[in-house]
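Student: Please give me a close look at one part of this structure. Start from the strands, then follow the charged pairs and the helices out from there.

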Amino acid sequence: MTTRVIIVDDQAMVRAGFAALLAAQNDIEVVGEAADGAQGVELSRRTHPDVVLMDVRMPEMDGLEGARRLLAPPPGVTHRPRVLMLTTFDVDDYVYEALRAGASGFLLKDAPPADLIAAVRVVASGDALLAPSVTRRLIADFARQRPPTLGKPALRLKALTERETEVLTLVARGMSNSEIAEMLVLAEQTVKTHVSRVLTKLDLRDRAQAVVFAYESGLVTPGE
């Protein structure tokens with residue numbers, strides 16, 4: 001199955017480099033490029049990509065607003081691509097807000113080419129790009145600056161069973177399904193089912209949003 005990708009970045013050379021790299025992969029097709037968030041949203045509406053590579057800082061409309069519009073489309077728009085944020089800085093409040101909005105992760109622009117290719121595949125498969133420790137550190141850093149929201153997020157936790165809460169806690173600590181399965185002595189498929197139920201009950205899109213939610217609800221605290 002071919003993954004359709006668009007690249008949104010205000011630097012033409014960056015777009016060209018990423019496009020050439022990704023287009024050389026048999027399972028990835030670059031279906032368009034855009035120079036700012038507004039163009040990216042319009043292009044996504046027309047081409048229906050699986051993954052949008054979205055630069056964080058751009059003129060006209062930045063990547064944060066672009067991600068928000070793609071991930072919370074207006075009535076009548078049903079297509080919602082996966083969004084992978086691109087950034088020059090690994091600590092950036094724009095990236096954190098994008099994760100809150102539903103972006104599936106972020107990647108540093110100077111990451112090795114193999115990392116970019118792998119990231120597109122991971123995000124396209126429906127997983128969040130949470131393997132790099134920097135992503136979890138980013139979420140933890142910003143959660144540290146914002147005290148837990150004890151209202152609605154904490155109340156939403158009550159919808160989870162004890163086992164689902166346990167699984168969410170381990171997801172927030174950066175553990176993979178196989179690691180969680182080993183720790184809880186469960187089949188990996190059972191863990192996948194628990195994760196899916198957590199996302200459904202909490203109305204979260206993927207593991208990235210689950211990690212943000214776990215910190216902001218107070219279920220997990222930085223430094224635990």
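Tutor: One term first: an angle here runs from 0 to 180 degrees between N-to-C directions, along axes fitted to C-alpha atoms. With that, helix α2, residues 37-47, can be placed: α2 runs at about 160° to β1 (3-8). The same helix lies across β1, β2 and β3, the last spanning residues 51-55. Bear in mind that the model is predicted.

Now the sheet itself. It is open and has five strands, ordered β2-β1-β3-β4-β5. Their pairing is parallel. Which strands stand at the edges? They are β2 (28-34) and β5 (105-108). Each has a single partner strand, so one side of each lacks a neighbour in the sheet. From one strand to the next, the twist averages 25°.

Look at the β5 edge. Strand β4 covers residues 82-87, and four bridges join β4 to β5. The two run parallel. L86 stands opposite L107 of β5.

Move to β3, the strand that holds D55. Is D55 buried or exposed? At 4% relative accessibility, D55 falls under the 20% cut-off, so it counts as buried. UniProt lists a feature at D55, "modified residue: 4-aspartylphosphate", from an unreviewed entry. That annotation may be inferred rather than shown by experiment. Setting aside residues up to four places away in sequence, D55 touches V8, D9, D10, G63, M85, L86 and K109. L86 thus appears twice in this picture: it touches D55, and it stands opposite L107.

Now the charges. Side chains of opposite charge can pair when their charged atoms come close. How many salt bridges does a search of the whole structure find? It finds 10.

Begin with helix α3, residues 63-71, which contains R68 and E65. Their side chains meet in a salt bridge at 3.8 Å, N to O. The cut-off is 4 Å, so that distance qualifies. The two residues are three apart, about one turn of the helix. E65 also forms a salt bridge with R69, where the closest N and O atoms are 2.9 Å apart. R69 and E65 are four residues apart in α3, so about one helical turn separates them. How accessible are these side chains? R68 is partly exposed, with a relative accessible area of 36%. R69 is partly exposed at 39%. E65 is partly exposed too, at 27%.

Next, helix α8, residues 162-172. R163 and E166 sit three residues apart there, again about one helical turn. Their salt bridge has its closest N and O atoms 2.9 Å apart. R163 is partly exposed at 30%. E166 is partly exposed at 34%. Beyond such pairs, there is a network: salt bridges with shared partners join D9, D55 and K109. This brings us back to D55, which touches both D9 and K109.

Helix α8 leads on to the packing of helices. With helix α11, residues 207-216, α8 packs at about 100°, the axes 9 Å apart. So α8 is roughly perpendicular to α11. On the α8 side, the contact uses L168, V171 and A172. On the α11 side, R207, A210, V211, F213, A214 and Y215 meet them.

A second pair is helix α9 (residues 177-184) and helix α10 (residues 188-202). What angle do they make? About 110°, with their axes 8 Å apart. They are therefore roughly perpendicular as well. N177, S178, I180 and A181 of α9 make the contact with E188, V191, K192 and V195 of α10.

Last, the whole chain. It has 11 helices and five strands. Of its 224 residues, 49% count as buried, and D55 is one residue that does. Among contacts with a separation of 6 or more, 67% come from residues 24 or more positions apart.

Terms used: Residues numbered from 1 in each chain as written. Predicted model: local features only at pLDDT ≥ 70, side-chain atom pairs only at ≥ 80, totals over all residues. Heavy atoms only, no water. Pairing = 2+ DSSP bridges. Contact = heavy atoms within 4.5 Å. Buried < 20%, exposed > 50% of the residue type's maximum accessible area, 1.4 Å probe, protein only. Parallel < 35°, antiparallel > 145°, perpendicular 65-115°, else oblique.
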